[in-house]
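Welcome, and thanks for opening the viewer. Please keep the selection tool at hand, and we will go from stop to stop together.

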Amino acid sequence: MLDAHHPLDVHRLLKAFEGRPAAVSASAPDPVNLPMIRHWCEAMGDTNPAYTGDDAIAPPAMLQAWTMPGLSGASSARTPAYDELFALLDGAGYTAVVATDCEQEYVRPLRPGDRLTFDTVIETVSPRKTTRLGAGYFITTTMRVRAGGELAGTHRFRILKYAPAPVQPPAPTRPARPRPVINRDNAPFWEGVAAHKLLIQRCTACGTLRFPWLPGCGRCGSPAWGTVEACGSGTVHSYVVVHHPPFPAFDPPYAVALVELAEGVRMISNITGVPYDGVRIGISVELEFIRVDGEWELPVFRARSGGPEGAGE
Ligand code: ZN
């Protein structure tokens with residue numbers, strides 16, 4: 001028994017169609033005529049003078065156009081064999097079709113008034129092929145077009161009849177954390193972070209420490225500054241727990257803390273080592289650096305165990 005769903009059996013069934021007719025002694029719906037030639041040339045933008053005037057010929061590439069049955073298909077010359085072939089493929093799940101390529105040979109020019117007939121043969125059916133559209137079979141048909149019984153040209157046409165590959169939704173990827181804007185006023189801070197140093201700006205005119213980084217001193221206005229490396233100890237001065245709005249790069253709820261460094265300046269950061277609801281004002285924290293999104297690092301603060309009110313369990 002042949003299994004019409006097994007690819008090897010399907011191919012054996014398909015091979016039996018090779019050489020069978022897809023159209024026999026079919027007649028073109030219309031004789032070669034100037035109006036169709038003119039419409040074709042307009043659509044193609046082809047201004048070749050050979051296709052106009054009293055001695056006009058038809059553009060050779062119109063060969064197949066003369067044989068087309070039209071949208072209704074009422075004058076279709078298709079044989080049962082071709083319909084059986086399609087029914088077999090549809091039944092095996094190869095329900096989609098796409099034209100892939102065609103080759104034409106022109107034996108003699110076609111002129112207005114020529115009455116055309118044609119025969120089409122199912123030439124080959126390929127083994128099952130996997131394509132980006134899906135797996136399927138290439139079917140090649142060859143049409144021989146005659147004018148007044150004389151061969152005018154051949155039209156070899158190939159389609160892929162395939163099972164559409166399921167559309168794979170892209171794997172959900174977690175959006176990256178927002179990146180800091182690094183400019184000439186704060187670049188040394190981020191260079192310090194990369195070296196695992198938390199640098200505080202210090203006004204060289206009046207000695208005031210400042211954080212976050214700014215171009216000038218808020219106390220004396222001097223633009224001159226140096227840096228002091230934070231020792232890394234701090235306490236939670238205040239905090240909020242963010243429930244809403246959700247941001248795809250973060251998992252709410254989470255705590256955002258205002259940490260007072262031992263040097264006296266305050267910095268907004270994350271608290272690690274304790275659940276979001278374990279953060280308390282006054283708990284003692286220690287600087288650490290975490291890597292986020294696998295590529296860049298941030299200074300955060302780890303809750304020290306044994307802080308006030310039993311925080312840091
Ligand atoms: Zn100053």
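## First stop: a charged network

Select D101, E103, E123, R156 and R158, and you will see residues linked in a network of salt bridges. Before going further, please keep in mind that this is a predicted model.

How many salt bridges does a search of the whole structure find? The count is 16. Here is the general idea behind them: side chains of opposite charge can pair when their charged atoms come close.

## Three pairs to pick out

Next, select R20 and E84. Their side chains meet in a salt bridge, with 3.6 Å from N to O. R20 sits in the loop between α1 (7-15) and β1 (21-27), while E84 belongs to helix α3 (residues 80-91), so this pair ties together parts that are 64 residues apart in sequence. Turn on a surface if you like: R20 is partly exposed, with a relative accessible area of 32%. E84 is partly exposed as well, at 37% relative accessibility.

Now move to E150 and R108. These two form a salt bridge whose closest N and O atoms are 3.5 Å apart. Again distant parts of the chain are linked: E150 is in strand β6 (residues 150-164), and R108 is in the loop between β2 (96-106) and β3 (116-125), 42 residues apart. E150 has a relative accessible area of 45% and is partly exposed. For R108 the relative accessibility is 22%, which counts as partly exposed.

The third pair is R304 with E286, a salt bridge in which the closest N and O atoms are 2.0 Å apart. Look for R304 in the segment after β14 (296-303) and for E286 in strand β13 (residues 284-292); this pair links distant parts of the chain, 18 residues apart. R304 counts as partly exposed at 33% relative accessibility, and E286 is partly exposed with a relative accessible area of 28%.

## The zinc site

Now select the zinc ion and show the side chains around it. Which residues coordinate the zinc ion? They are C203, C206, C217 and C220, each through its SG atom, at 2.2 to 2.4 Å. Why is the arrangement of the 4 donor atoms called tetrahedral? The angles they subtend around the zinc ion are 101 to 116°, and that makes it tetrahedral.

If you switch to the sequence view, you can find the donor residues of the zinc ion by their spacing, C-x2-C-x10-C-x2-C. Pick C206 and C217 out of the four: C206 lies in the loop between β7 (199-203) and β8 (209-210), and C217 lies in the loop between β8 and β9 (225-229), so the pair ties together parts that are 11 residues apart in sequence. Is C206 buried or exposed? With 30% relative accessibility, C206 counts as partly exposed. C217, by contrast, counts as buried, at 8% relative accessibility.

## Aromatic rings

For the next stop, colour the aromatic side chains. The structure holds 9 aromatic pairs. One of them is Y82 with F86, a tilted pair with 5.1 Å from centre to centre and 35° between the planes. Both residues lie in helix α3, 4 residues apart, which is about one turn of the helix. Y82 counts as buried at 11% relative accessibility, and F86 counts as buried at 16%.

Then select F189 and F211. Their ring centres are 5.5 Å apart and their planes are at 70°, so the pair is edge-to-face. This pair links distant parts of the chain, with F189 in helix α4 (residues 187-194) and F211 in the loop between β8 and β9, 22 residues apart. F189 counts as buried, with 7% relative accessibility. F211 is buried too, with a relative accessible area of 18%.

Keep these two selected and add W190, W213, W225 and W296: together with F189 and F211, they form one aromatic cluster.

## Zooming out

Finally, zoom out and colour by domain. The protein is divided into domain 1 (7-164), domain 2 (188-229) and domain 3 (231-313). How far apart do the C-alpha centres of domain 1 and domain 2 lie? The distance between those two centres is 77 Å.

Key:
Residues numbered from 1 in each chain as written. Predicted model: local features only at pLDDT ≥ 70, side-chain atom pairs only at ≥ 80, totals over all residues. Heavy atoms only, no water. Donors = N, O, S within 2.8 Å, 3.2 Å for Na, K, Ca; no water. Tetrahedral: all angles 85-135°; square planar, octahedral: opposite > 155°, others 65-115°. Helix = DSSP H or I, 4+ residues; strand = E, 2+ residues; numbered from the N terminus. Buried < 20%, exposed > 50% of the residue type's maximum accessible area, 1.4 Å probe, protein only. Salt bridge = Lys/Arg side-chain N within 4 Å of Asp/Glu carboxyl O. Phe/Tyr/Trp six-rings, centres within 6.5 Å; stacked < 30°, edge-to-face > 60°. Domains from an automatic or database assignment.
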